[in-house]
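Could you walk me through this model in my viewer? I would like to know what to select at each stop and what I will find there.

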Amino acid sequence: MKESDDRLHDAISFEAQGAEMSSVSDVEQSEEPKHPGWLRLADVLKLPIPGLEDALFFPSFETQTSNIYVMPGTYLTIVDPGNDYTAFMELFPVRAKPEEVRKIVLTHGHFDHAMGALEFLRTYRDALAGGRPELILHEGGPAQIKETAKEYGSSVTEVRGGEILELSGVPWEVIYTPGHTIDGISLYHAPTKTVFSGDMVLQNAVAGPDPKAGGRLDQYLFGLKALLSKDIETVLPGHGPVVSPGGRKVIEETYESVMMKILGVEKPIPWIQGAMALAQKGLLEEAVFCCDKEMARSPEDTKSLELKAVCLNDLGRSREALDVLEKLQLLRSADDSFVHVGKGYALLGLGQYDESIKCFDAALRIRPDLNEALVYKGMALHLAGKHDEAMEIEPFRTEFMGRFKEELLRNRKPNPNKSEAQS
Ligand SMILES: [Zn+2]
């Protein structure tokens with residue numbers, strides 16, 4: 001396990017782009033085991049989840065169908081109805097009645113997750129005559145699924161993220177998680193730290209983006225960051241085993257794999273190297289993540305602290321940048337122009353101009369011709385209302401006038417429709 005701590009590495013395999021996937025455990029088994037049928041979620045989870053003890057789980061069997069979850073309560077909610085009619089034959093009417101299903105949520109529109117909804121509405125048309133379940137999916141989900149559901153008499157609710165859905169009496173937050181597809185959503189329940197992740201997060205595998213369904217690697221990062229901003233212990237994925245505890249770790253591993261894919265790196269690389277490459281690509285939050293990983297190993301690694309401070313300042317996270325720079329200052333000599341400029345910039349971001357000017361002056365005492373210290377000092381003076389004083393600093397004046405000139409030139413662009421001769 002040492003390597004996994006030392007390096008940014010492809011913790012989990014990437015599936016081919018555009019391909020739907022099966023869990024690694026499914027792939028590795030040479031003989032197909034007998035399908036276990038419907039399981040009580042409580043029996044497969046290591047942690048009990050209040051409210052989900054009686055939930056049912058139908059594991060994905062082949063690549064053609066996803067995991068299916070049925071939540072109990074005053075009515076039933078299906079999360080991802082899969083694409084396997086035998087699942088419903090085992091469920092209805094033995095363990096539940098079709099008319100008890102009031103809501104069906106799709107984590108995304110891929111057929112292996114979604115087709116079961118239409119199959120259910122078609123097969124149990126008569127039993128559902130008293131009221132069809134509501135179909136809930138992202139607004140970017142396949143139009144054909146929405147139209148067909150409506151034809152079967154279902155109401156369709158489109159979400160975009162941020163909504164609270166009441167599912168079988170329990171409130172779940174919709175998190176927009178694009179990347180695998182454009183219409184990906186996850187469902188999050190904060191009190192139990194549980195998430196339905198669809199194909200965004202799987203154990204031991206990454207589904208990869210499906211370009212045909214609007215999947216994109218950069219959006220994958222966005223979706224995963226949305227999940228990482230939540231406190232998550234249990235991941236109920238679209239394929240493969242449920243993860244509990246350790247949900248956050250699996251999300252982080254997916255995040256690392258997507259970063260690797262973006263960098264085009266196949267072999268493990270040191271965290272700091274990954275951080276630098278990501279920062280160069282403008283992926284500053286990802287660079288900060290890698291710096292943190294490096295510092296988890298060696299908390300006094302000044303290179304990581306330096307890069308993290310620069311990224312935080314560029315992200316406008318001035319307060320955090322200041323904390324990092326203060327730590328760096330303790331580790332290095334107090335006469336460090338990098339630290340002084342960084343602190344000055346962070347204080348500028350916090351609107352503390354006088355303190356900021358003091359930092360730039362400290363840097364300039366060490367390196368009197370340090371251009372960025374001069375420009376930022378001018379900016380701090382200008383913002384503090386000391387315009388004349390600011391204009392006395394030559395590099396700031398040049399920068400300021402340059403930008404001003406640019407602005408003026410942009411406003412008097414020649415009309416492209418007029419020829420030189422006409423004007
Ligand atoms: Zn999918």
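Start by selecting residues 164–167 and 170–176: these are strands β10 and β11, which pair in the antiparallel sense over 4 bridges. Keep in mind along the way that this is a predicted model. Show E166 as sticks and look across to β11, where P171 is its bridge partner. Now move to the turn: 2 residues separate the strands of this hairpin, and one to click on is S168, whose phi is positive, at about 50°.

Next, bring up the open sheet. Its 7 strands run in the order β3-β4-β5-β6-β7-β8-β9, with mixed pairing. Which strands stand at the edges? Colour β3 (39–40) and β9 (156–159): each has a single partner strand, so one side of each is left without a neighbour in the sheet.

Stay with β9 and add its partner β8, residues 134–138; the two pair in the parallel sense over 4 bridges. Label L135 and you will find V156 of β9 opposite.

For the last stop, select helix α12 (residues 318–331) together with helix α13 (residues 337–349). Their axes lie 9 Å apart and the helices pack at an angle of about 160°. Angles over 145 degrees count as roughly antiparallel, and α12 and α13 are therefore roughly antiparallel to each other. The crossing of α12 past α13 is left-handed.

To see the contact itself, show S318, A321, L322, L325, L328 and Q329 on α12, then V339, G342, K343, A346 and G349 on α13. Coloured by type, the residues of this contact come out as 6 nonpolar, 4 polar and 1 charged.

Methods. Residues are numbered from 1 along each chain as its sequence is written. This is a predicted model: local features need pLDDT of at least 70, side-chain atom pairs count only at pLDDT 80 or more; totals for chains, interfaces and linings use all residues. Axes are lines fitted to C-alpha atoms, for helices over the stretch in contact, and angles run from 0 to 180 degrees between N-to-C directions. Angles under 35 degrees count as roughly parallel, over 145 as roughly antiparallel, 65 to 115 as roughly perpendicular and the rest as oblique. A crossing is left-handed if the near helix is turned anticlockwise from the far one by less than a right angle, and right-handed if clockwise. Two residues are in contact if their C-beta atoms, placed from the backbone, lie within 7 Å. Ala, Val, Leu, Ile, Met, Phe, Trp, Tyr, Cys and Pro count as nonpolar, Asp, Glu, Lys and Arg as charged, and the others, Gly among them, as polar. Two strands pair if DSSP finds at least two bridges between them.
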